[in-house]
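Grab a pencil and open the viewer. Below are some short exercises, each with a solution worked out step by step.

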Amino acid sequence: MADAIEINGLTKVFDGLVAVDHVSINIAEGELFGLLGPNGAGKTTLIKMLATLLMPTSGTAKVSGYDVTKDPDKVRRCIGIIFQDPSLDNRLTGKENLDFHARMYGMDRELREKRMDEVLDLVELKDKANILVENYSGGMKRRLEIARGLMHHPEVLFLDEPTLGLDPQTRRHIWEYIRNLNKKEDITIILTTHYIEEADYLCDRVAIIDYGKIVALDAPKNLKDTIGADIVSLEISDSVDKDFVAMLGKFKWIKKMKEHDGFLDLSVKNGETRIPELMNIAQKAGVVVQSVSLRKPTLEDVFLHYVGKTIREEETSVKDQVRERMRRRWHN
Amino acid sequence: MAQLINLEAIYVMWLREMKRFFRAKSRIAGSLAMPFFFLAFLGTGFMNVRFSGMPPGVNYIDFLAPGVIGMILLFASLTAGISVLWDREFGFLKEIMVTPVSRVSIVLGRILGGVSTALIQGILILLISIGMGSKIVGIFGVLSSLVFMVLISAGFVGLGIAIASRMKDIHGFSLIMNFVIMPIFLLSGALFPLEGLPTWLITLAYIDPLTYGVDGLRGCLIGISHFNLLVDFLILLCFCIVMVGIGAYLFEKTEVD
Ligand SMILES: Nc1ncnc2c1ncn2[C@@H]1O[C@H](COP(=O)(O)OP(=O)(O)OP(=O)(O)O)[C@@H](O)[C@H]1O
Ligand SMILES: [Mg+2]
């Protein structure tokens, strides 16, 4: 299969800050590709370069065979995008926003009406279609953005955190629709997400990106297999004892250890058989274990492994970041 | 060519401007207020004052009306051009810029929308000034003044787009208000005749494109102008073409983040 997207050493520097750092990825036609990374990893910046909205500092990228810097017009003809940040006209109604989009993409009246109906149905905004967007709730605005992005069925569709902040039920609907678009309409989809289960459930391949660099790239299943063992997670009172960690380090059957907020995660084959032994060791070391859990590796663990923190820790800091952004906006 | 000039896109950009314009009733009232007060208070206040250089037999309100029309066109069209900045701030610019529509068509749609809304306001002020007793030389004068109104608006929408394309956010907006709009307005001869002014002021006035706009409007509406009407027309036309060109060029190169 031909490649829908070829990225070669793509880099973006914002006055001294390397937001995207020599990224090279090929994405096949018809693939549903996920970008997973903490806040500020460079996901949005990468997508905006592919969508011709930002000029790369160096490197090249081709979308549907067209170079994003040399042939931006042709690239734009092949792509669609759902932005992470708001991009609606609040002074227009929901329907007028969709109509604007459809006409900019040269859709004829019949198709326009059909698709508007379809996507408004999908996001359950039919009864609100004719009120001004400024009177929508946050979630309704998000749903309208999604509806708009799905309207013109491009060759390549970029979804930047499409379901962020939506309720689980709506998210499910949208997942199904995205999957359908990908499978039935053969649309190549690149999506960024904070929801591990979204990446796991939807994506053929996932790239984990951190500080602008791709640190892992494979099918979700293969990524999980690289962890290669079960995760035994010990909840330990107070802080994790250094001596205890050193002690555990001597055992060959413990493949990896990772501390995070009061938990000690151990990668262990056949985890269930090792738990009694671990309890013994803890007792000898005088460490109080408050709880033990055992699970098969998830993408979350893969993320933790490569990025060094859980995505949930990331999410709590999202609020701070938003606050920081607002501050910067009003004080410069 | 068909792709460079995308009529459907130009239409829908225009349609959007019109919808937004008619929905912002309080803003329309607000923007008409200032020219109205100029006419009502300045026109009445200076009724019996004779500026040196005022053509004989012309009342101050007759002289002022074309100037105030020029003023509303300047304000309305620069604001329309600069609305690119508001689109940037509210994120809608991304939606526009990622579509396959050529930048030229986007700019043309914006200019068409800006010119339409400015023209509506200009005509309203013209009607108000006639209602307030300002004399007009005839229907042909009114029609030819529309040509000048279009040129003034298109030129300044272009300037607005050019400025907005170079600015990252709306923080510089009041700077523009004070350092671009006010000098252009005050130097244009909208409020007082250019005759008999000191040379440095005259020089500045001659650089100001609105000078030729106001002069052209005056020539059409009250039949008296400082320059030849054809000169006004040609200079404005050049200004208009250059500004639309610069606006389109800078808009083409703008990044959206
Ligand atoms: N226009 C800009 N000017 C300066 N720095 C920027 C700009 N846009 C992004 N950055 C910086 O580039 C880095 C990457 O940002 P980006 O928005 O791509 O991250 P992200 O992975 O999308 O994060 P999130 O998960 O929060 O959406 C951040 O450090 C950000 O502050
Ligand atoms: Mg982002």
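## Helix crossings and other exercises

The helices α3(A) and α4(A) cross in a right-handed way. Keep in mind that you're looking at a predicted model.

**Exercise 1.** Work out how α3(A) and α4(A) are oriented to each other, and find which residues make their contact.

*Solution.*
- Step 1: take the geometry. The two axes come within 10 Å, and they cross at roughly 135 degrees.
- Step 2: compare that with the cut-off. Angles over 145 degrees count as roughly antiparallel, and α3(A) and α4(A) are therefore oblique to each other.
- Step 3: look at who touches whom. α3(A) brings Lys95(A), Leu98(A), Asp99(A), Ala102(A) and Arg103(A), while α4(A) brings Arg112(A), Glu113(A), Met116(A), Val119(A) and Leu120(A).
- Step 4: sort these residues by class. You get five nonpolar, no polar and five charged.

**Exercise 2.** Now do the job again for α3(A) and α1(B), a helix of chain B.

*Solution.*
- Step 1: here the axes lie 8 Å apart, at an angle of about 160 degrees.
- Step 2: that angle makes α3(A) roughly antiparallel to α1(B).
- Step 3: check the handedness. This crossing is left-handed.
- Step 4: list the residues. From α3(A) come Glu96(A), Phe100(A), Arg103(A) and Met104(A); α1(B) supplies Glu8(B), Ala9(B), Tyr11(B), Val12(B), Met13(B), Arg16(B), Lys19(B) and Arg23(B).
- Step 5: split them by class. There are six nonpolar, no polar and six charged residues in the contact of α3(A) with α1(B).

**Exercise 3.** Stay on helix α3 of chain A and pick out Asn97(A). Is Asn97(A) buried or exposed?

*Solution.*
- Step 1: its relative accessible area is 1%, so Asn97(A) is buried.
- Step 2: see what surrounds it. Skipping neighbours within four places in sequence, Asn97(A) is in contact with Leu88(A), Asp89(A), Leu92(A), Val133(A), Leu144(A), Arg148(A) and, over in chain B, Phe92(B).
- Step 3: try a distance. From Asn97(A) to Ala216(A) you step 119 residues along the sequence, and their C-alpha atoms are 38 Å apart in space.

**Exercise 4.** Find what coordinates the magnesium ion (ligand 2), and say which parts of chain A get tied together.

*Solution.*
- Step 1: the coordinating atoms are OG1 of Thr44(A) and OE1 of Gln84(A), at 1.8 to 2.0 Å.
- Step 2: place the two residues. Thr44(A) sits in helix α1 of chain A and Gln84(A) in the loop between β6 and α3, so the pair links parts that are 40 residues apart in sequence.
- Step 3: check the exposure of Gln84(A). With 27% relative accessibility, Gln84(A) counts as partly exposed.

**Exercise 5.** Jump to chain B. Where does Phe227(B) lie, and which residues is Phe227(B) in contact with?

*Solution.*
- Step 1: Phe227(B) belongs to the loop between α9 and α10 of chain B.
- Step 2: even in a loop, Phe227(B) counts as buried, at 16% relative accessibility.
- Step 3: apart from neighbours within four places in sequence, Phe227(B) is in contact with Tyr206(B), Thr211(B), Tyr212(B), Asp215(B) and Asp232(B).

**Exercise 6.** Zoom out and describe chain A as a whole, starting with its helices and strands.

*Solution.*
- Step 1: chain A has 12 helices and 14 strands.
- Step 2: out of its 332 residues, 50% count as buried.
- Step 3: among contacts between residues at least 6 apart in sequence, 69% join residues at least 24 apart.

Definitions and conventions: Residues are numbered from 1 along each chain as its sequence is written. Chains are lettered from A and ligands numbered from 1 in the order in which they are written. This is a predicted model: local features need pLDDT of at least 70, side-chain atom pairs count only at pLDDT 80 or more; totals for chains, interfaces and linings use all residues. Side-chain values use heavy atoms; hydrogens and water are left out. Donors are N, O and S atoms within 2.8 Å of the metal (3.2 Å for Na, K and Ca); water is not among the atoms, so sites may look incomplete. Helices (H or I, at least four residues) and strands (E, at least two) are DSSP runs, numbered from the N terminus. Buried means under 20% relative accessible area, exposed over 50%, partly exposed in between (1.4 Å probe, protein chains only). Axes are lines fitted to C-alpha atoms, for helices over the stretch in contact, and angles run from 0 to 180 degrees between N-to-C directions. Angles under 35 degrees count as roughly parallel, over 145 as roughly antiparallel, 65 to 115 as roughly perpendicular and the rest as oblique. A crossing is left-handed if the near helix is turned anticlockwise from the far one by less than a right angle, and right-handed if clockwise. Contact means heavy atoms within 4.5 Å. Ala, Val, Leu, Ile, Met, Phe, Trp, Tyr, Cys and Pro count as nonpolar, Asp, Glu, Lys and Arg as charged, and the others, Gly among them, as polar.
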